[in-house]
Amino acid sequence: MKKYTGKSVYKGIAMGPLSVLKKTDDQVKRSKIEDPEAEIVRVTDAIGASKAQLQKLYDKALKEVGEANAAIFEVHQMMLEDDDYLDAIHNMIRTENVNGEYAVAVTGDNFSEMFANMDDDYMKARSADVKDISNRLIRNLNGSADADMGSDVPSIIVADDLSPSETVQMDKSKILAFVTVHGSTNSHTAILARMMNIPALIGVPMNLDELSNGMLAVVDGFKSEVTFEPDEAMQTETEKRIKEEREKLELLQNLKGQENRTLDGKTINIYANIGSVGDVGYVLENDAGGIGLFRSEFLYLGRDNFPTEEEQYQAYRQVLQNMAGKKVIIRTLDLGADKQVDYFNLGNEENPAMGYRAIRICLTRTEIFKTQLRALLRASASGNLAIMYPMITSVDEVKKIYEIVDEVRAELDEAQVAYQMPEQGIMIETPAAVMVSDELAQLVDFFSIGTNDLTQYTLAIDRQNEKLDSFYNPHHKAILRMIKMVVDSAHAAGKWAGICGELGADLELTKEFLQMGIDELSVAPSMVLRLRQRVREMKVFE
């Protein structure tokens, strides 16, 4: 029994087998083998495993993001059956007596380069696909394959770290908890973990090489501890605590359908933050009044090229239809900082949090922005949509956005495409936006305060830097005064203001937020009923 202490991301408790995610070594070593035919059998088995994984990914994507987005996994399965690709691998193994990993790596590089040099854009795009399937094949050959997220056995994920794209793609129904060596409690990955409603620890000083798939573990988010191979006494105690937590959650179910009204009659909208189409089920399950933040960048993560207008339209329409008239606020593309995507070619920056990201990308690479706007406006006919623009610092930026929106509207009008003009709001997450919020309120329909970035910019603290966690204070008077200033500016212009950052779920501040006049709090789906309970038990003015 080994116990480690980390930092809690979500205060729950879980017990179950491990799935160990290890970062693979990019260097594939060449080694001589004695039996080429046996090595080819290894490759054939690895291909079978790869195709099974891709089929599960296809089935999952089909349910969550539709057929268009899922098609890439079908393409990858077909490429694993390509005779030229397979013959090249087999021939290298037989003629040079090399291991399968090396033969796949060399063949993958050769085919990838061949596709990249072709004139046809479609064929060029296959270059990245070949690399992807070759890397998957190598992982299956060397035993470092992806954890089977499609497994029927729910498991605890342990890893060095998890990127936002990795977290977004996980099958949440099969994850009991996750534990990582690195990461910050304020990172985007941590936010997604809280949205998943699963216990999670980061900063745990464990050695992944000492852990194995199937090993039993207990993750205790309340004590910020993880225990590997717990003894029988601990297993019994953990089962008791899990049952108690489940009973507490069942009591919260009684709050479904109830108003978000305080004892002295003050009401507030409680919405949910989500990161993908598949998360809508959590919104409905927890009885949120709407979606206050839909992170559209999930459509851009975990893929090799830009999502098309049609792919985006289908995803947005599906969310709006599933929400059946409840408000859905979709944030436009917010990439950069901790959400890097290779095919955007953003490059490395000394301080990405203050660099080329979010609306700055959209205003300078307008075709990317216009594609998303066309999809959003087309989807608006399917439900109650509002659009929200991130990382605003000035009135001029909003005016430029509206000019681009007008261009998109003109294109749709000319093509006689139906749409409804949605509400347009902005995220207030920079001190600059706070200080000119009175002017911004004259232009937009609503404000949504992103407290995570607002805190890091105001306190000059990089929220990705785990060394600064102890200095990161979202309760700082400066932050609370800024929130009040934003609310006052919105109300003076007859507009509404909400919070979609992590601070919205801080139950210690709920009363103060209501006293400020906040109109809406958008939180992780798992926090909706807890927040409703807090609201219903308090008096705002005593």
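This report describes the sheets, helices, cores and some single residues of a predicted model.

The model is predicted, so local features need pLDDT of at least 70 and side-chain atom pairs count only at pLDDT 80 or more, while totals for chains, interfaces and linings use all residues. Residues are numbered from 1 along each chain as its sequence is written, and side-chain values use heavy atoms, with hydrogens and water left out.

## The barrel

Helices (H or I, at least four residues) and strands (E, at least two) are DSSP runs, numbered from the N terminus. Two strands pair if DSSP finds at least two bridges between them. Eight strands close into a barrel, in the order β9-β10-β11-β12-β13-β14-β15-β16, with parallel pairing. From one strand to the next the twist averages 25 degrees. Angles run from 0 to 180 degrees between N-to-C directions, and axes are lines fitted to C-alpha atoms, for helices over the stretch in contact.

One pair in the barrel is β10 (residues 291-295) with β11 (residues 328-331), joined in the parallel sense over three bridges. Here phenylalanine 294 stands opposite isoleucine 330 in β11.

Helix α16 (residues 477-492) lies across β13 (423-428), β14 (446-449) and β15 (496-499), at about 170 degrees to β14. Contact means heavy atoms within 4.5 Å. The buried residues of α16 are Ile479, Leu480, Met482, Ile483, Val486, Val487, Ser489 and Ala490; buried means under 20% relative accessible area, exposed over 50%, and partly exposed in between (1.4 Å probe, protein chains only). Glycine 494 follows α16 and has a positive phi, near 75 degrees.

## The open sheet

A further eight strands form an open sheet with mixed pairing, in the order β1-β8-β7-β3-β4-β5-β6-β2. Its edge strands, β1 (2-5) and β2 (7-10), each pair on one side only. Direction ignored, neighbouring strands of this sheet are turned by 30 degrees against each other on average. Three of its parallel pairs are listed here.

| Strand pair | Bridges | Residues standing opposite |
|---|---|---|
| β3 (residues 13-21) and β4 | four | serine 19 and isoleucine 157 |
| β4 (residues 155-159) and β5 | five | alanine 159 and threonine 180 |
| β5 and β6 (residues 200-202) | two | phenylalanine 178 and alanine 200 |

Strand β5 (residues 175-180) is mostly covered, with five of its six residues buried. Helix α7 (residues 232-252) lies across β3, β7 (216-220) and β8 (225-228), and runs at about 110 degrees to β3.

## Nonpolar cores

A nonpolar core is a set of buried Ala, Val, Leu, Ile, Met, Phe, Trp, Tyr and Cys residues joined through side-chain atoms within 4.5 Å. The largest such core has 86 residues, and Tyr389, Phe447, Ile483 and Phe513 touch the most other members. Apart from it lies another core, of 27 residues, which includes Ile40, Tyr58, Val104 and Phe115.

Isoleucine 483 belongs to α16. Leaving aside neighbours within four places in sequence, isoleucine 483 is in contact with Ile449, Thr451, Ile499, Leu503, Phe513, Met516 and Ile518.

## Two further helices

The expected span of a helix is 1.5 Å times one less than its number of residues. For the 17 residues of α3 (residues 100-116) this gives 24 Å, and the end C-alpha atoms are 24 Å apart, which agrees. Among the buried residues of α3 are Val104, Phe111 and Phe115.

Helix α15 (residues 451-459) is mostly covered, with eight of its nine residues buried. Thr451, Asn452 and Asp453 are among the buried ones. Just after α15, alanine 460 takes a positive phi of about 55 degrees.

## Single residues

Threonine 510 lies in helix α17 (residues 510-516). Its relative accessibility is 0%, so threonine 510 counts as buried. Not counting residues up to four places away in sequence, threonine 510 touches Leu531, Arg534, Val535 and Met538.

Glutamine 420 lies in the loop between α12 (395-414) and β13. With a relative accessible area of 46%, glutamine 420 is partly exposed. Glutamine 420 touches Leu377, Ser380 and Ala381, again not counting residues up to four places away in sequence. From glutamine 420 to alanine 379 is 41 residues in sequence and 8.6 Å in space, C-alpha to C-alpha.

Cysteine 362 is buried at 1% relative accessibility, and cysteine 500 is buried at 3%. The structure holds zero disulfides, a disulfide being a pair of cysteine sulfur atoms within 2.5 Å.
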